[in-house]
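Here is a quick tour of one model, taken in three stops: a pocket, a buried spot on a strand, and a group of rings. Have the structure open as you read.

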Amino acid sequence: MGPHRSQVKLVAKLLCAALAFVVGVALAGHEAGLWHFSPYEEFRLAAASIALLFLTTAVSAVQQWRADSAEVNLHNVQRGVAHALTALLFRIQDETGIDVRDLAATVHLRVRTGVWPRRREKLVPLTRVRFRATSATGTTWRPGVGVIGRCVELGKLLVVDVAELDRQLEGTTEEEWRELQQRERQSPPEQALTLGMSYREWQRARGKFSVILATPLIGQGATRSKILGCVSVDVMTPDPVPDSYRLLSDEAVRFAASAAAHEISNVLAAST
């Protein structure tokens, strides 16, 4: 369900609630003797109250049924996506020799949240696959922010040595970070050291990953293709091998990631 349709449903619910309130106040005033209605008018008000009650109950029942169906559908989608991510991680292990326990894969979907005019886009994790526990960054990624955000914004596969970026930015103060971002606005996005992150977002993310590969999820819209989100593969810290950036940049790994993204796009398309 699109965000515009959700907003229409919200307005409709608020309107029904307001009408029910007005009818209730009118009938209460009649019973209290504050004003008087003819028997015909009283019947119409009571009928309107019953109709609104029936409507809201029916809508709630339909919504519950749709929510239950959506939950089952989501579970099936997550299972299919997890299968594709697991296969991708083992394929990368075979191609690079990096232990699968040092890898993680995630699918992020591009969604709009909030109510107009404060609607904004963010990247919501749909499924994660990893074989050992790691601490999360605690950051809500957005298009244009971080490696996965840049992947979605640019619509192309990226491999970034984030550990090397962390070393280059070591000791940077918040004021220096803002100055660096000002200078980066004049450069291509691919060359940005800050990856569009705020200073606090970088502080939360630094040291969590060694190398990140991200490839876009491309779906078919009504008239043209669109970016649905991305598939990311993370090499965790400490770096298990000295040349993990070169290994993840290998053509065979890039092909495997793109093939997995295509398979996941098909899973998502089949669920709609």
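## A pocket, a buried threonine and some rings

The second largest pocket holds about 590 Å³ of space. Keep in mind that this is a predicted model.

Who lines that pocket? There are 36 lining residues, and Thr137, Trp141, Phe209, Ile212 and Asp234 are the ones nearest the centre. By type, the lining splits into 19 nonpolar, 11 polar and six charged residues. Several elements chip in with at least two residues each: strands S1 (103-113), S2 (120-130), S4 (209-220) and S5 (225-236), plus helices H3 (146-154), H4 (162-169) and H6 (199-205). S2 is the top contributor to this lining, with five residues.

Next stop, strand S4, which is home to threonine 215. Is this threonine buried or exposed? Threonine 215 has a relative accessible area of 4%, so it counts as buried. Setting aside neighbours within four places in sequence, threonine 215 touches Cys151, Leu157, Cys230, Val231, Ala257, Ser258 and Ala261.

Two of those contacts are cysteines, Cys151 and Cys230. How many disulfides does the model have? The count is zero. For cysteine 151, the nearest cysteine sulfur belongs to cysteine 230 and sits 4.7 Å away. A disulfide needs the sulfurs within 2.5 Å, so at 4.7 Å the sulfur of cysteine 230 is too far from that of cysteine 151 for a bond. Cysteine 151 is buried, at 0% relative accessibility, and cysteine 230 is buried at 0% as well.

Last stop, the rings. Searching the whole structure turns up four aromatic pairs, and two of them are set out here.

| Ring pair | Centre distance | Plane angle | Geometry |
|---|---|---|---|
| Trp177 and Tyr199 | 6.0 Å | 70° | edge-to-face |
| Tyr199 and Trp202 | 5.9 Å | 55° | tilted |

Tryptophan 177 is in helix H5 (residues 174-184) and tyrosine 199 is in helix H6, so their pair ties together parts that are 22 residues apart in sequence. The partnership of tyrosine 199 and tryptophan 202 stays within helix H6, where they sit three residues apart, about one turn of the helix.

Which residues do the ring pairs join into a cluster? Trp177, Tyr199 and Trp202 are the ones linked. As for burial, tryptophan 177 comes in at 0% relative accessibility and counts as buried. Tyrosine 199 has a relative accessible area of 17%, which makes it buried too, and tryptophan 202 is likewise buried.

Definitions and conventions. Residues are numbered from 1 along each chain as its sequence is written. This is a predicted model: local features need pLDDT of at least 70, side-chain atom pairs count only at pLDDT 80 or more; totals for chains, interfaces and linings use all residues. Side-chain values use heavy atoms; hydrogens and water are left out. On a 1 Å grid over the protein atoms alone, a cavity is a set of points where a 1.4 Å probe fits but cannot get out, and a pocket is an open set with protein on both sides within 12 Å along at least five of seven lines; lining residues have an atom within 4 Å of a point. Grid points are joined across faces, edges and corners, and a volume is the space filled by probe spheres set on the points. Helices (H or I, at least four residues) and strands (E, at least two) are DSSP runs, numbered from the N terminus. Ala, Val, Leu, Ile, Met, Phe, Trp, Tyr, Cys and Pro count as nonpolar, Asp, Glu, Lys and Arg as charged, and the others, Gly among them, as polar. Buried means under 20% relative accessible area, exposed over 50%, partly exposed in between (1.4 Å probe, protein chains only). Contact means heavy atoms within 4.5 Å. Rings of Phe, Tyr and Trp (its six-membered ring) pair if their centres lie within 6.5 Å; planes under 30 degrees apart count as stacked, over 60 as edge-to-face and the rest as tilted.
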